[in-house]
Amino acid sequence: LAFTVGEDGNATIGMHLDQTIGSNDYVVVGEWKLWYLGEGNTDINEQNVSDLIVNNNFDPARGDKATSTIEGWTTTTLNGYKQNTASYNKNTFALSQKLSGLPEGTYKVTVHAFYRAGSYEEEEANINSGADTHLTKFYAATSEKTYEKPVMNLSEGGVSSVDDVPEGASTKTINGIIVPDGTSASVAFYNAGYYLNELPFYVGADGVATIGMHLDQTIGTNDYIVVGEWNLFYYGPGNN
């Protein structure tokens with residue numbers, strides 16, 4: 001939602017539900033963020049600059065599971081590299097790419113990915129026990145600051161109705177949430193728009209940033225991550 005603030009500098013942001021539709025309407029509100037786009041800038045000028053990321057969609061011809069190499073990226077041992085995804089299993093991992101020559105300003109990096117906190121059964125048990133299951137981190141590091149947030153858990157990005165499952169996708173259930181089972185199903189969910197992680201960050205005058213993801217400790221016997229396409233958006237030289 002874009003809006004303009006007047007000379008008094010006041011604005012109220014919020015959310016409301018004025019009527020219910022069923023016996024169990026439900027709303028989950030997460031983190032709020034605010035960006036300043038500059039004086040007199042009433043339009044969001046979003047430029048897709050994803051071509052600045054080398055091999056942003058994990059082209060199957062530009063990587064190799066056997067040698068754990070991905071063109072353009074620095075990676076630890078791969079569990080899989082296929083169907084425009086890279087996956088990691090049962091171990092810690094790190095994946096990153098350094099970008100140079102970026103215009104100074106505000107950016108947003110996005111990636112389709114999920115972290116399964118152990119096996120399907122372990123993620124369910126870990127969440128129900130109150131354990132910290134947000135162990136995989138998604139980041140953008142500049143010379144000034146490291147911006148970081150957790151990658152969503154597998155069950156956080158799933159669906160609650162079979163009607164919302166992408167056609168042909170194999171699934172399992174975690175705490176009543178329907179989730180993809182395997183790479184092909186994960187790709188189907190990604191293509192349908194699910195599991196999109198987003199992170200805004202600011203690049204200074206040096207034009208350098210490193211984007212990536214890492215898991216520094218495992219929580220179960222079968223931690224699993226499937227990383228899909230990365231995209232990068234530029235919003236101009238506004239304030240950070």
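Student: What percentage of the contacts in the chain with a separation of 6 or more comes from residues 24 or more positions apart?

Tutor: Happy to start there, keeping in mind that this is a predicted model. Take the contacts in the chain with a separation of 6 or more, and pick out those between residues 24 or more positions apart. Their share is 70%.

Student: How many helices and how many strands does the chain have?

Tutor: Both kinds of element are present in this chain. The helices number 2, and the strands number 15.

Student: Why can the chain be called as compact as a globular protein of that length?

Tutor: Let's compare two values. For 240 residues the globule rule gives 18 Å. The chain is close to that, so it is as compact as a globular protein of that length, with a radius of gyration of 19 Å.

Student: Which strand is largely enclosed by the rest of the structure?

Tutor: A residue counts as buried when its relative accessible area is under 20%, and 42% of the 240 residues in the chain do so. In the strand at residues 105–116, 12 of the 12 residues are buried, so it is largely enclosed by the rest of the structure: this is strand E8.

Student: Which strands pair with E8?

Tutor: One partner covers residues 196–203 and is joined to E8 by 8 bridges in the antiparallel sense; there, Val109 stands opposite Leu199. Another partner covers residues 224–234 and also runs antiparallel to E8, over 9 bridges. In that pairing, Tyr115 has Ile225 as its bridge partner. The two strands are E13 and E15.

Student: Which are the edge strands of the open sheet of 5 strands?

Tutor: The order in this sheet is E4-E7-E14-E9-E10, with antiparallel pairing. An edge strand here pairs on one side only. That description fits residues 74–75 and residues 146–150, which are strands E4 and E10.

Student: Which residue in E14 stands opposite Lys137?

Tutor: Strand E9 spans residues 136–142, and strand E14 spans residues 209–215. These two strands pair in the antiparallel sense over 7 bridges. Opposite Lys137, in E14, stands His214.

Student: How far apart do the centres of the positive and negative side chains lie?

Tutor: First, the two sets: there are 12 positive side chains and 30 negative ones. Each set has its own centre, and the distance between these centres is 9 Å.

Student: What percentage of the accessible surface belongs to carbon and sulfur atoms?

Tutor: The whole accessible surface of the chain is about 13,300 Å². Of this, the part belonging to carbon and sulfur atoms is 45%.

Key:
Residues are numbered from 1 along each chain as its sequence is written. This is a predicted model: local features need pLDDT of at least 70, side-chain atom pairs count only at pLDDT 80 or more; totals for chains, interfaces and linings use all residues. Side-chain values use heavy atoms; hydrogens and water are left out. Two strands pair if DSSP finds at least two bridges between them. Helices (H or I, at least four residues) and strands (E, at least two) are DSSP runs, numbered from the N terminus. The radius of gyration is taken over C-alpha atoms; the globule rule is 2.2 Å times the number of residues to the power 0.38. Buried means under 20% relative accessible area, exposed over 50%, partly exposed in between (1.4 Å probe, protein chains only). Contact means heavy atoms within 4.5 Å. Accessible areas come from the Shrake-Rupley method with a 1.4 Å probe; for residues, only the protein chains shown count as cover. Lys and Arg count as positive and Asp and Glu as negative; His and the chain ends are not counted. The place of a charge is taken as NZ of Lys, CZ of Arg, CG of Asp or CD of Glu.
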